[in-house]
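Student: I have a structure to study and some questions about it. Can we go through them together?

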Amino acid sequence: MTFAATVLTLYPEMFPGPLGVSLAGRAMAEGKWSINPVQIRDFAADKHRTVDDTPAGGGAGMVLKVDVLAAAIDHARELDPDAPVLAMTPRGKPISQARIRALAEGPGVTLLCGRFEGFDERIFAGRNVEEVSVGDIVLSGGECAALMVLDACIRLLPGVMGAASSGAEESFEDGLLEYPHYTRPPMWEGRAIPEVLRSGDHAKIAAWRKQRADEDTRLRRPDLWERHRDARV
């Protein structure tokens, strides 16, 4: 089954972009996934193809029009009725690796990319759109966020990564940051690879990696550590 991505955007020329090279590009050439960038402006009803208007209540910037967005989403759902629709917005819920994995196991996804001041709020309830954020940052538009979401999904598709286990021991898969990695040379500028990793003792290596994952998560991401600890309790 091909993972089908539809991207609703004012800049369809941004796709596939970096997803056309490396693992994702190879997977697309092999038919493991496909992408369909759709121009939102094509669903505007007036001769000027207007997609935005001034904010109700006043203020700076422009807001994407709900009727145009609804028409674009309706078109995407006709193409793939089973694909969830996600809007890229800093007001959304932070997307998690668990959500990415669930998306990758499905038929595909429709990603709605915002611009200007964002979306008319009515579109989310009116068309059952899931609001997601890729982090506590503000981008010029949702396209870069959509690329991130798609990249995270594509690498999990069957046959995309070289080893089936490559995605299993990674940051966030078990609620923790991943342990640190090392490779040759064993000594670099006076800094050595930890001796345990050169010991050949797989039990000790596994214990060391678990300890470092715990410690690094606790120190670097206390928010993740608290959630992980609560989940274990």
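Tutor: Start with two terms. Two strands pair if DSSP finds at least two bridges between them. Helices (H or I, at least four residues) and strands (E, at least two) are DSSP runs, numbered from the N terminus. Residues are numbered from 1 along each chain as its sequence is written. This is a predicted model: local features need pLDDT of at least 70, side-chain atom pairs count only at pLDDT 80 or more, and totals for chains, interfaces and linings use all residues, while side-chain values use heavy atoms and leave out hydrogens and water.

Student: In what sense do strand 5 and strand 6 pair?

Tutor: Strand 5 spans residues 85-94. Its residue Met88 has Cys113 of strand 6 as bridge partner. The two strands are joined over four bridges, and their sense is parallel.

Student: Over how many bridges do strand 1 and strand 6 pair?

Tutor: Strand 1 covers residues 3-9. Val7 stands opposite Leu111 in strand 6. The pairing is parallel, and the number of bridges is five.

Student: Is strand 6 largely enclosed or not?

Tutor: Buried means under 20% relative accessible area, exposed over 50%, partly exposed in between (1.4 Å probe, protein chains only). In a regular strand the side chains alternate between the two faces of the sheet. Here Gly108, Thr110 and Leu112 point one way, Val109, Leu111 and Cys113 the other, and all are buried. Six of the six residues are buried, so strand 6 is largely enclosed.

Student: How many disulfides does a search of the whole structure find?

Tutor: A disulfide is a pair of cysteine sulfur atoms within 2.5 Å. A search of the whole structure gives this number of disulfides: zero.

Student: How far from Cys144 is the nearest cysteine sulfur?

Tutor: Cys144 is partly exposed, at 41% relative accessible area. It is in no disulfide. The nearest cysteine sulfur belongs to Cys113, and the distance is 9.2 Å.

Student: Why is the sulfur of Cys153 without a bond to the closest cysteine sulfur?

Tutor: Cys153 is buried, with 0% relative accessibility. Its closest cysteine sulfur is in Cys113. That is too far for a bond, because the distance is 13 Å.

Student: Is Asp120 buried or exposed?

Tutor: Asp120 sits in the loop between strand 6 and helix 4 (122-126). Leaving aside neighbours within four places in sequence, Asp120 is in contact (heavy atoms within 4.5 Å) with Val63, Leu64, Val66 and Leu69. Its relative accessible area is 17%, so Asp120 is buried.
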